[in-house]
Amino acid sequence: MEHAQQLFGNLFGPEWGPALFLVAKNVLLIVAIVLPLMLAVAYLTFAERKIIGYMQLRVGPNRVTFFGIPWLGGWGQPIADAVKAVMKEIIIPSGANKFLFVLAPVLTFAPALAAWAVVPFSPEVVLADINAGLLYILAMTSMGVYGVIIAGWASNSKYAFLGAMRSAAQVVSYELAMGFALVCVLMMSHSLNLGDIVRGQQGSSFINWYLIPLFPMFLVYFISGVAETNRAPFDVAEGESEIVAGFHVEYSGMAFTVFFLAEYSNMILVATLASIIFLGGWLPPLDMAPFTLVPGFIWLLLKISFLLFCFLWFRATFPRYRYDQIMRLGWKVFIPITLVWILLIGVVMQFPPSMRNAFPLSLWFH
Amino acid sequence: MNFLQPDFAPAYPEIFLLLMVCVVLLADLAWGEEKPHLAYLLSQFALLGCVLITFATSAPGVVYTFSGMFVDDALADILKMMVYVTVSVVLVYSRTYISTRGMLNGEFFSLALFATLGMMVMISASHFLTLYLGLELLSLSLYAMVALRRDSVGATEAAIKFFVLGALASGFLLYGMSMIYGATGSLNIARVTEVIQTGAMSHTVLVVGVVFIVAGISFKLSAAPFHMWAPDVYEGASTAVVLFIGSAPKLAAFGFIMRLLAEGLGSMVADWQGMLIILAVMSMLIGNIAAIAQTNIKRMLAYSTISHMGFVLLGVLSGDGNGYSSSMFYVVVYVLMTLGTFGMIMLLSRAGFEADKLEDFKGLNRRNPWYAFIMLLLMFSMAGIPPTVGIYAKLSVLQAVLNAGYIWLAVVAVLLSLIGVFYYLRIVKLMYFDEPETDALILPQGDVKLLLSANGLAVLAFGFFPQALMAWCAYAIRHSSI
Amino acid sequence: MSFEDIIFYFFSAVLVSSALGVITARNPVHSALLLVLAFFTSAGLWLLLEAEFLAITLVLVYVGAVMVLFLFVVMMLDINLDQLREGFWKWFPFGAFLALLMAGEMAMVLMGKQFGADEMPAPPSRGADYSNTKELGRLIYTEYVYAFELAAVILLVAIVAAIALTLRRRTGIKSPDVAQQVAVKRKDRVRMVSMPSEKKE
């Protein structure tokens with residue numbers, strides 16, 4: 001590392017060297033996060049098809065394999081899909097706003113990746129350890145909706161436009177509930193830094209995780225996350241039975257795939273954040289011998305995988321919500337619940353120290 | 001890190017009013033359907049409670065609280081009392097009017113109370129932030145009240161004009177305040193005064209700030225040349241809302257000017273005096289001359305307001321305690337007259353009929369001599385004809401201008417107000433010397449009858465004994481933080 | 001010119017040109033999107049000033065919520081541009097004269113020595129552990145609590161006004177009662193009948 005830094009200093013001079021070194025280092029780190037993420041997205045689609053297949057008593061994709069090895073049947077499917085998508089033509093409808101039409105997938109994808117910058121994978125491994133991490137994540141996830149809106153508008157298609165409108169209203173509604181749920185978390189952890197939030201849940205066992213005192217908030221956050229990523233049963237923005245495919249009905253080839261990638265990386269992001277914020281991130285469920293031997297990163301992966309499984313499970317089991325039901329759930333159920341819980345947490349925080357340090361409360365209120 | 005719990009006692013009236021607004025909102029939601037008058041009664045109760053609390057918490061000295069953002073002094077107490085009384089009278093006058101137009105619901109009253117809260121905040125602000133927030137609270141409520149009659153195109157148009165120009169004015173004001181902040185490094189009015197007196201900062205920056213602030217204030221006061229919204233809003237909005245806009249907010253605006261110009265920028269009087277002279281002369285000129293050409297009485301009264309605001313500025317620009325108290329006296333008298341005049345317009349209006357044309361006053365003497373007499377008193381007072389109180393208001397302001405050494409300005413003001421006499425007396429002529437066009441009965445509610453008569457007679461009574469009111473205003477200015 | 005300066009000029013250039021675009025774009029949707037870009041770049045400028053809380057909140061509130069709804073409305077409206085531009089050129093010379101006058105006056109004040117770097121030097125930068133968010137929170141809930149509460153009241157007024165102006169109670173609309181839907185029991189909907197099975201002939 002120092003060697004590379006010196007090299008940059010020699011090449012670009014004392015004023016430019018450090019800055020350019022910083023840029024180069026960050027670009028490499030970003031690649032180190034994005035590449036595994038893309039691989040995860042690819043195999044998440046495979047997992048989705050397999051799991052939903054088994055739930056519906058089918059086998060799912062089982063043909064494409066690597067080098068003809070039979071027991072890898074199906075594992076080549078995501079790669080084949082990717083290759084197919086790249087080869088296909090991107091059709092731009094006549095009357096579409098060409099610039100915005102092309103920009104829209106990028107605008108969906110960029111925030112979905114940018115949010116990963118502050119996610120801590122283990123106590124030390126985090127790209128940008130900033131103070132306002134939670135706020136940053138909220139800001140980034142709220143930007144994703146632009147891609148959807150612009151895609152719907154620029155396609156010059158009624159179905160796409162309807163999907164965009166639905167998505168805009170839905171995302172803004174659920175973002176409020178999501179934000180309020182996170183307010184509870186930061187009230188308990190006294191910090192917006194994701195690493196500090198995990199450290200705030202440290203203790204002897206999973207009882208210390210914020211999942212326990214904030215259980216309703218966990219549900220609100222997770223369900224809002226499902227709604228924000230436009231996944232079933234909140235997928236009215238796509239609504240293939242009513243408005244064909246919603247906002248991306250006019251997209252094809254790689255442009256469509258980018259939407260797809262954004263949706264799945266957002267899913268992984270929501271699952272990761274829920275694990276970090278409510279399920280103790282890299283912390284093992286019990287702070288004792290067999291569990292502590294497993295590296296923290298594996299624990300985080302396990303938690304993320306479980307939540308992702310829930311995403312797929314929802315899709316396989318729940319019928320799609322009606323639009324007015326979605327709005328009702330967001331505004332009339334989630335927001336009141338979160339507000340009451342914020343009040344409750346605030347009241348508990350104002351308890352005299354002797355009460356807060358007594359047994360059950362002392363687990364979470366430090 | 002050492003933070004002291006603020007003293008809430010001086011702000012009890014504000015806190016009480018805010019709680020009552022929430023009560024009005026919730027009560028109207030729960031029982032509004034069955035008891036449409038509940039919101040009205042609760043609002044009157046809220047105002048009464050404010051009167052009592054303000055009286056109980058009034059202290060002789062100047063009290064600061066909330067880290068110097070809130071000030072409670074004699075000026076604040078007296079102006080707030082006047083605001084309560086004015087709003088309460090407005091609500092009495094407009095109850096019948098709005099109930100016949102389907103607006104008798106919680107929204108009207110809660111917005112009116114929110115506006116009152118905004119006025120109270122402005123009156124006892126000692127920080128640029130609070131001044132601005134109070135002003136926005138008032139303005140937002142007023143925009144919404146203007147737009148409440150949403151099926152009327154005129155009201156919607158008026159609301160949009162009011163809103164856009166009001167937002168522009170707020171922008172001016174904020175820009176000016178940020179300039180002052182840039183120059184002095186503080187938003188606290190007392191601190192700004194201190195820093196300006198040391199003279200350590202750039203004078204140019206301060207003057208630019210003052211220009212923006214004066215422009216913003218004159219927008220809100222509807223002083224020419226920033227008056228364009230007033231006639232449209234007066235004509236388009238429903239009379240009850242116009243009565244509200246035209247009365248109590250002027251008291252708050254006076255408080256605003258006192259806090260901002262007289263107190264915060266008091267040592268820059270030489271800079272803003274010239275600007276105010278231009279504003280005052282233009283307001284009196286445009287207001288009095290344009291009013292002659294109007295056939296709509298609400299529009300005419302809008303121009304009359306513009307000219308009255310010119311007179312108020314005359315008192316302020318003299319830049320000393322006497323000038324301020326004469327200005328305050330003028331504002332109080334103006335509010336008294338406006339209440340009565342719009343009360344009369346609403347009295348003559350019926351369901352489905354607006355008495356907003358000058359012809360609607362024709363032959364009022366035949367229809368009801370008593371109300372014609374009240375209107376006569378009000379018009380005499382507006383024009384400044386003795387023995388009504390209007391003449392004393394004008395005289396005291398002119399006195400202040402003369403003391404400040406602007407003889408030519410006093411002469412101009414007298415000449416322009418003579419022009420104004422014409423259109424006030426035209427109404428008197430219509431009432432007494434023309435034939436009525438309708439013989440519809442005028443059947444006010446008991447409380448309206450009583451209050452309107454008292455209002456008209458008060459104009460006469462203060463005309464005979466203006467000293468009490470004047471002394472009160474002088475007391476308020478003397479015992480304030482200025 | 002240092003690295004930070006380049007970032008500053010980049011953001012400033014984007015900000016100014018997108019702000020110009022907001023008022024010159026022919027299509028209102030483009031204007032709104034350019035406004036989003038302007039917000040985003042000004043957030044970037046704030047980050048350079050180490051005001052990370054304000055910067056992120058600007059993105060979160062204005063870009064993430066306000067402008068989404070704004071775009072929503074602009075896209076739904078069918079705005080007649082020709083009507084909007086009517087009389088533009090007629091008043092253009094007058095407007096341009098006023099604008100130039102204002103700009104000249106402002107330049108005289110702002111370009112002078114009053115606002116130079118000597119008069120108002122940049123504050124010293126804080127360490128990495130200095131949390132902007134915590135400081136703001138502390139000030140808002142202590143020294144500026146009165147102003148903060150007033151801002152909350154203003155928002156309440158906005159809610160009341162928005163509802164008062166838009167809510168129309170229509171009668172005779174058919175909407176499902178969710179409570180009723182939730183309270184449904186199986187026996188209300190499903191009737192078990194036992195039928196004799198038919199024999200194959």
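This section looks at chain C and then at one residue of chain A, in a model that is predicted.

Chain C is a helical chain on the present assignment: nine helices are found and zero strands. Reading along the sequence therefore gives a run that is easy to remember, α-α-α-α-α-α-α-α-α. The UniProt record, an unreviewed entry, adds a view of its own, listing "transmembrane region" for residues 6–25, 32–49, 55–79, 91–111 and 144–167 of chain C.

Two of these listed spans can be set against the model itself. Residues 6–25 of chain C are 95% helix and 0% strand, and the C-alpha atoms at the two ends of that span are 27 Å apart. For residues 144–167 of chain C, the helix content is 92% and the strand content is again 0%, with 34 Å between the end C-alpha atoms.

How the chain packs can be described in two further values. Of the 201 residues in chain C, 16% count as buried. Among contacts in chain C with a separation of 6 or more, 55% join residues that are 24 or more positions apart.

Turning to chain A, a single residue offers a convenient point of reference. A:Ala19 sits in helix 1 of chain A, which covers residues 2–55. This residue counts as partly exposed because A:Ala19 has 16 C-beta neighbours inside 10 Å, and the buried class calls for 20 or more while the exposed class calls for 12 or fewer. A:Pro213 lies 194 residues from A:Ala19 in sequence, and the C-alpha atoms of the two residues are 44 Å apart in space.

Key: Residues are numbered from 1 along each chain as its sequence is written. Chains are lettered from A and ligands numbered from 1 in the order in which they are written. This is a predicted model: local features need pLDDT of at least 70, side-chain atom pairs count only at pLDDT 80 or more; totals for chains, interfaces and linings use all residues. UniProt positions are given in the numbering used here, feature names are shortened, and annotations may be inferred rather than shown by experiment. Helices (H or I, at least four residues) and strands (E, at least two) are DSSP runs, numbered from the N terminus. Two residues are in contact if their C-beta atoms, placed from the backbone, lie within 7 Å.
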